[in-house]
Amino acid sequence: MTSRRDFLSIAAAGSALAAGGLMAARPGLAAPGNGAQSGAGQRNGRYVPPIKFGLGGVPLGNEFEVITDEEAYQTLDAAWSAGVRYYDVSPWYGLGLAERRFGYFLHNKNRDEYIVSSKVGKLLKASRQNDAKSNFAFSPSPNNVVFDYTADGVRRSVEDSLQRLGISNLDIVFVHDISPDNKLLPTPWQQQFAIALKGAFPALARMKEEGIIKGWGIGVNTPEPILRVMQEADPDVCLLASQYSLIDHANALNNVFPVARQRDVKFVIGSSLNAGFISGSPRYNYGKTSWDIPRKYIEKRERLRAVAARYGVDLRTAAQRFSAAPDVAAALIVGARSEEQVLANVTSMQATIPPEFWAELKRQKLIEQNAPTPS
């Protein structure tokens, strides 16, 4: 029987082969150079995704509604056909469901042609007495969640993800939800962060040296852990979720981004649509109370819609382009549950928006005066 150590050694060898290939993507979806030859994606020793746009895995984990396997594979096939070559998943999304679906689709693709990021910090334990439905009502998962930010937990999590995905290496690993908004943590987030500081973070740095992963960071919905990890560790790239959108971006812009520039850290930006709120969904971000939307956000969305209508701009398109505009944004990931949503998102990333639209948003103080806007 193959041991975990043997498995991770095999993964390291596979990753070395993957580094020599090309990452294809349509013009506009990939970074300049559009490739992953040896050293591509590296910046001063830090890995940065060389592809600018990706598919987020939350919807295909049945976060919001029941999606069949057939619908999920149609969505993934549409993304691939449209040129999407960055895929972001997590054990958390559907408690294993999203990783299995992405893995079923991707494992027969040329591994040199796409990049994958996943998460660590939450181990899945199958049990007949599981409480999966309390977290993901629409997922058929048999798993419970165990939070583990130790070095051993991280290695186990990476191995489990590789097996669910059916691939030999991960490009990026984000330490997931080690954040004050995570009410499921067994102890206060600061205590869990201290465990990660001694366990998960150095373990991921070693796995990067071993070639099992190319880069690591944290993926959270609040600024405090992002600021701490940049100051107390040496991440490559972090997932900044629910923090930089048309609705809510001032704190990230004025407090997080300056530190990122000082520390030479880039971001993958998630939740540019605030979990679909900007495009009309009856929720704001994630969680069991996402339906309880603050009135100020609803009013701001209406004002944004009015300006968009005046200038003939699709608000979803504007939201995506806005979140991708900062110099610290290495990539934007957007979730989709259907072929139609995938194609709309890809189209949005290549659409043109008149400069007057952005000027009007600033005139009405709907976005910060110093917020970068797409050229």
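**Exercise 1. Is R101 buried, partly exposed or exposed, and what is its relative accessible area?**

Solution. The model examined here is a predicted one, and the exercise begins with a single side chain. R101 has a relative accessible area of 4%. Since buried means under 20% relative accessible area, R101 belongs to the buried class.

The next step is to look for the partners of R101. Its side chain meets that of D69 in a salt bridge, with 2.9 Å from N to O. This pair joins distant parts of the chain, for D69 sits in helix α2 (residues 69-81) and R101 in helix α3 (residues 97-106), 32 residues apart. D69, with a relative accessible area of 40%, is partly exposed, whereas R101 is buried.

A further partner is N62, whose side chain makes a polar contact with the side chain of R101 at 2.9 Å.

**Exercise 2. Describe the surroundings of N62, beginning with its place in the chain.**

Solution. First, N62 is found in the loop between β3 and α2. Second, its relative accessibility is 2%, so N62 counts as buried. Third, the side chain of N62 reaches the backbone nitrogen of I67 at 3.4 Å, in addition to its polar contact with the side chain of R101. Finally, when neighbours within four places in sequence are left aside, the residues in contact with N62 are I67, L97, R101, F136, F138 and S139.

**Exercise 3. Which parts of the chain are linked by the salt bridges D327 with R261 and R310 with E360?**

Solution. Take the pair of D327 and R261, in which the closest N and O atoms are 2.8 Å apart. D327 lies in the loop between α11 (315-324) and β12 (329-335), while R261 lies in helix α9 (residues 250-263), and the two are 66 residues apart. D327 is partly exposed, with a relative accessible area of 45%, and R261 also counts as partly exposed, at 41% relative accessibility.

Now take R310 and E360, which form a salt bridge whose closest N and O atoms are 3.2 Å apart. Here R310 belongs to helix α10 (residues 295-311) and E360 to helix α13 (residues 355-363), with their positions 50 residues apart in the numbering. R310 counts as exposed at 51% relative accessibility, and E360 counts as buried at 8%.

To set these pairs in context, the count of salt bridges comes to 18. R111, D171 and K214 are linked in a network of salt bridges.

**Exercise 4. Which residues of helix α7 are buried, and where do they lie around its axis?**

Solution. In α7, which spans residues 200-210, the buried residues are A200, F201, A203, L204 and M207. They cover an arc of only 160 degrees around the axis, and therefore lie on the same side of α7. A general point helps in reading such a pattern: an α-helix has 3.6 residues a turn, so residues three or four places apart point the same way.

The following step asks what covers these residues. The cover includes the strands β5 (115-120), β8 (170-176) and β9 (213-220), together with the helices α5 (151-165), α6 (189-198) and α8 (223-232).

After α7 comes G211, which has a positive phi, near 90 degrees, and which is placed in the loop between α7 and β9. G211 is buried, with a relative accessible area of 19%. Although G211 and D171 are 40 residues apart in sequence, their C-alpha atoms are 9.5 Å apart in space.

**Exercise 5. In what order do the eight strands close into a barrel?**

Solution. Going around the barrel, the order is β3-β4-β5-β8-β9-β10-β11-β12, with parallel pairing. From one strand to the next the twist averages 25 degrees. To see how the ring closes, consider β3 (residues 53-56), which pairs with β12 in the parallel sense over four bridges. One position can be traced exactly, for L55 has V334 of β12 as its bridge partner.

As a last step, place the barrel within the chain, which has 13 helices and 12 strands. Of its 375 residues, 57% count as buried. Among contacts between residues at least 6 apart in sequence, 75% join residues at least 24 apart.

Key
Residues numbered from 1 in each chain as written. Predicted model: local features only at pLDDT ≥ 70, side-chain atom pairs only at ≥ 80, totals over all residues. Heavy atoms only, no water. Salt bridge = Lys/Arg side-chain N within 4 Å of Asp/Glu carboxyl O. Buried < 20%, exposed > 50% of the residue type's maximum accessible area, 1.4 Å probe, protein only. Arc of directions from axis to C-beta. Contact = heavy atoms within 4.5 Å. Pairing = 2+ DSSP bridges. Axes fitted to C-alpha atoms, helices over the stretch in contact; angles between N-to-C directions. Polar contact = N/O pair within 3.5 Å; in protein donor to acceptor, adjacent residues only side chain to side chain.
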